[in-house]
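Please examine the sequence and the model shown below. The account that follows moves from individual side-chain pairs to the arrangement of domains and then to the backbone.

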Amino acid sequence: MSEHGQKTDVVIVGGGVIGLSIAYALSREGVPVTLLDRGRFGQEASWAGAGIISPGSERPTRSPVSQLRTLSARLHEEWAVALREETGIDNGYRRTGGVDVALEERDEHDLEAASGRWREEGIAFERLRPEEFSRVEPALGPEIRLAYFLPDRAQIRNPRHLRALAEACKNRGVILHEHAPALGFGISGERVDSVLTAAGPISCARVVLAAGAWSGQLMRDLGVSVATRPVRGQIVLLAPGATRLRRIVEHGKNYLVPRDDGRILIGSTEEDVGFDRETTPQAIAGLHELAARLCPALRDAPIERSWAGLRPGSIDTRPYLGLAPGHTNLFVATGHQRAGLQLSTGTAALMADLLMDRNPSINLSSFRVDRGADPSEDSFRS
Ligand SMILES: Cc1cc2nc3c(=O)[nH]c(=O)nc-3n(C[C@H](O)[C@H](O)[C@H](O)COP(=O)(O)OP(=O)(O)OC[C@H]3O[C@@H](n4cnc5c(N)ncnc54)[C@H](O)[C@@H]3O)c2cc1C
């Protein structure tokens, strides 16, 4: 029993998409969970993101990144249905398909290399020459030399997805505390006995740290290093206008995401500026300019809003999933950087396995908190 007077088994610190998804997965298995956020649920990186979901593989390689992406893609499809049934909220999961485009010769080489991987893994794709663009995405501009169509690339409306997760957690009895920062941990030996809050300690059997870019700070007091540097991403929302995009358009790490209502997101920067969530006029203008190169009809489209979020970085872009070194009941689930929305469902399933003492379906050694950096794989690209 916690000092809050409620019985809980697992306390999750951080109610972004990762914490909410883990709470949802555990609550579906009847585990008593308390979820804390220092602000409101789902208002940080998870709200700010674009919501692109990369396709899973028919034949995932042995790479854990490929396996986690594939598990997550499958679960997104299932969760969208389950969340709608449980809450009445449509999270906007749509398999709109995507086109990955080349503006320069170098981009063409990158896409050729990626297509080799897609072929090997059984990810559906089609190579398009400029005369074929109009069949798939008529808005692509004349500067584009080559495009690859990935019909299974999908998206969610992350603010709706977060609302649906919070609602489903509430319906399933998860104890939800907003404006309740975790201040530290009550420790005895290698165990965490409680999570410390301004309202008193919350006793629990297990703790999950899912505090996004702030996770590293919370772990420092325990002498555990979890490198979650904030990686700022700025993003622009175009008001609905005459130009309709049909597909997600990706150029390297930049993209356009069309929403059902005609709005289009242009993302995003990757900046190392600490905990600064401001936007800058240069970055916003740069994103708008890129959108106009990709789709010239967007040159005069009015900007409705722009914002920035702080992605939780990691040493090699892959998340940290597993026990905190030196602790037997303190788990970490963070560092998803550019792919936290995409990988949230699979992350939740794997963390539920760990928390319920089951063997996770994917070997988690390359996501270990104390691993050395391995920059050879990027979890975001399909
Ligand atoms: C512009 C942009 C575009 C993106 N696009 C995509 C995309 O298309 N696809 C994709 O998969 N990913 C995308 N991402 C990345 C994705 O948004 C992140 O990887 C993901 O949201 C991380 O989720 P999180 O729950 O770990 O972190 P957050 O959403 O930041 O949640 C962490 C939570 O912990 C809380 N917290 C912090 N400290 C404490 C404390 N002491 N006590 C209690 N609570 C605390 C915070 O208040 C916060 O709510 C994008 C990100 C940005 C910024």
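R172 and E86 form a salt bridge in which the closest N and O atoms are 3.0 Å apart; a salt bridge here is a side-chain nitrogen of Lys or Arg within 4 Å of a carboxyl oxygen of Asp or Glu. The pair links distant parts of the chain, since R172 lies in the loop between α6 (158–171) and β8 (175–177) and E86 in helix α3, 86 residues apart. Helices (H or I, at least four residues) and strands (E, at least two) are DSSP runs numbered from the N terminus. R172 is partly exposed at 36% relative accessibility, and E86 is also partly exposed, at 25%. Relative accessible area under 20% is called buried, over 50% exposed, and anything in between partly exposed (1.4 Å probe, protein chains only).

The model is predicted: local features need pLDDT of at least 70, side-chain atom pairs count only at pLDDT 80 or more, and totals for chains, interfaces and linings use all residues. Residues are numbered from 1 along each chain as its sequence is written, and side-chain values use heavy atoms, with hydrogens and water left out.

The whole structure contains 35 salt bridges. Side chains of opposite charge can pair when their charged atoms come close. In one such pair, the side chains of R232 and E271 meet at 2.8 Å, N to O. R232 belongs to strand β13 (residues 230–238) and E271 to the loop between β16 (264–267) and α8 (281–294), so this salt bridge ties together parts that are 39 residues apart in sequence. R232 is buried, with a relative accessible area of 4%, and E271 is buried at 18%.

The loop between β16 and α8 also holds E270, whose partner K253 lies in the loop between β14 (248–251) and β15 (254–258), so the pair ties together parts that are 17 residues apart in sequence. The closest N and O atoms of this salt bridge are 3.6 Å apart. Both ends are accessible in part: E270 is partly exposed at 35%, and K253 is partly exposed at 41%. Elsewhere, E126, R129, E131, E132 and R135 are linked in a network of salt bridges.

How is the protein chain divided into domains? Domain 1 comprises 10–90 + 158–227 + 315–367, and domain 2 comprises 98–151 + 230–312; these bounds come from an automatic or database domain assignment. The C-alpha centres of the two domains lie 28 Å apart. Their contact (heavy atoms within 4.5 Å) takes 26 residues from domain 1 and 27 residues from domain 2.

The size of an interface is often given as the accessible area lost when the parts come together. Domain 1 and domain 2 bury about 2,100 Å² between them, 54% of it on carbon and sulfur atoms; buried area is the accessible area (1.4 Å probe) that two parts lose on being put together, summed over both. I52, Q337 and R338 supply 29% of the area that domain 1 buries against domain 2, more than any other three residues.

Between the two domains there are 3 salt bridges. The side chains of E121 and R69 meet in a salt bridge at 3.3 Å, N to O. E121 is found in helix α4 (residues 105–121) and counts as buried at 3% relative accessibility. Apart from neighbours within four places in sequence, E121 is in contact with S57, E58, R59, P60, T61, S66 and R69.

On the side of domain 1 that touches domain 2, α2 (45–48) and α3 (64–87) each supply at least two residues. Helix α2 gives the most to this side, with 3 residues.

What remains is the backbone. Most residues other than glycine have a negative phi, and most peptide bonds are trans. A cis peptide bond joins G267 and S268, with omega about -25 degrees, and S268 is found in the loop between β16 and α8. H179, which is not a glycine, has a positive phi of about 50 degrees. This residue, H179, lies in the loop between β8 and β9 (184–188) and is exposed, with a relative accessible area of 56%. D357 likewise has a positive phi, near 60 degrees. D357 is found in the segment after α9 (340–355) and is exposed at 61%.
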